[in-house]
Amino acid sequence: MISLTDSQKIGMGLTGFGVFFLFFGMILFFDKALLAIGNILFVAGLSFVIGLERTFRFFFQKHKMKATSFFLGGVLIVLIGWPIVGVVLEIYGFFLLFRGFFPAAVGFIRRIPFLGSLLNLPFISGFVDKVGESNTMV
C-alpha cells in the first residue's frame, strides 16, 4: 500500500473536491462560481499532492508552455466570467499537458476485466487506439 504524507492526503481531498465542483459546475450549465472554485481547488490540490516545486516544473517546461498557457488561460478566463470559453481552453490545455500519460492509462484500463472488454468494442477501439498511441510531446 502506498503511504501518503498529511499534505498529500489534504491534496487528494482538495483535488477531489475540485473535480467535483468542476463537474457540478458543468452540469449546472457552466455556473461560473462553481467552476472557479473547482479550478482553484484542483490546482491547489495538485500542488499539495506533488509539491510546489514539482508542480511548477511540470507546468513550465519549455515543451509544455503552449499547453500550460491554454490550461491556465482557461482558468483565468473562467475566473473573469466567461465559463464556456474558459472550460474549452482548459480541456484543450489539459489534453496537451497530460497526453504523455494517456498511453499508460489506456494500457491500465485495458487490463481491468469489464472495462478492457468495453474498450475493445468496434466503435470504441479505433478511438482508444489513437489515444493510446505513444506520441512525443510537442
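The legends below accompany an overview and several close-up views of a predicted model.

**Figure 1. The overall fold of the predicted model is built from helices, with zero strands.** The protein has eight helices, and when it is read along the sequence these follow the pattern α-α-α-α-α-α-α-α. Taken along the principal axes, the box filled by the C-alpha atoms is roughly 40 × 35 × 30 Å.

**Figure 2. A close-up of α1 and α2 shows two helices packed with their axes 7 Å apart.** The angle at which α1 and α2 pack is about 155°. Because angles over 145 degrees count as roughly antiparallel, α1 is described as roughly antiparallel to α2. The crossing of these two helices, α1 and α2, is left-handed. Where α1 is in contact with α2, the residues divide by class into 18 nonpolar and nine polar, and there are no charged residues in this contact.

**Figure 3. A close-up of α2 and α4 shows a second helix packing, here with the axes 9 Å apart.** The angle between α2 and α4 is about 140°, which makes α2 oblique to α4. As α2 passes α4, the crossing that the two helices make is left-handed.

**Figure 4. The largest pocket encloses about 270 Å³ of space.** Residues from α1 (6-27), α2 (32-50) and α5 (83-98) line this pocket, each of these helices giving two or more residues to the lining of the largest pocket. The largest share comes from α5, which supplies five residues. Among the lining residues to look for in this view are Val 19, Leu 22, Phe 23 and Met 26, together with Asn 39, Phe 42 and Phe 71. The lining of the largest pocket also includes Val 87, Glu 90, Ile 91, Phe 94 and Phe 95. By class, the residues that line the largest pocket are ten nonpolar, one polar and one charged.

**Figure 5. The second largest pocket, with a volume of about 170 Å³, is shown with its lining residues.** Met 12, Thr 15, Gly 16, Phe 42, Leu 46 and Val 49 line this second largest pocket, and at least two residues of its lining come from each of α1 and α2. The residues that line the second largest pocket comprise four nonpolar and two polar residues, with no charged residues among them. Phe 42 can be picked out in this view as one of the residues lining the second largest pocket, and Phe 42 is also one of the residues in the lining of the largest pocket.

**Figure 6. A close-up of Phe 59 and Phe 71 shows a stacked aromatic pair.** The structure holds 13 aromatic pairs, and one of them is formed by Phe 59 and Phe 71, whose rings lie 5.9 Å centre to centre with 15° between the planes. Phe 59 lies in helix α3 (residues 52-59) and Phe 71 in helix α4 (residues 65-80), so this pair ties together parts that are twelve residues apart in sequence. Phe 71 also appears in the lining of the largest pocket.

Methods:
Residues numbered from 1 in each chain as written. Predicted model: local features only at pLDDT ≥ 70, side-chain atom pairs only at ≥ 80, totals over all residues. Heavy atoms only, no water. 1 Å grid on protein atoms, 1.4 Å probe; cavity = no way out; pocket = protein on both sides within 12 Å on 5 of 7 lines; lining within 4 Å. Points joined across faces, edges and corners; volume = space filled by probe spheres on them. Helix = DSSP H or I, 4+ residues; strand = E, 2+ residues; numbered from the N terminus. Nonpolar A, V, L, I, M, F, W, Y, C, P; charged D, E, K, R; others polar. Axes fitted to C-alpha atoms, helices over the stretch in contact; angles between N-to-C directions. Parallel < 35°, antiparallel > 145°, perpendicular 65-115°, else oblique. Left-handed = near helix turned anticlockwise from the far one by under 90°. Phe/Tyr/Trp six-rings, centres within 6.5 Å; stacked < 30°, edge-to-face > 60°.
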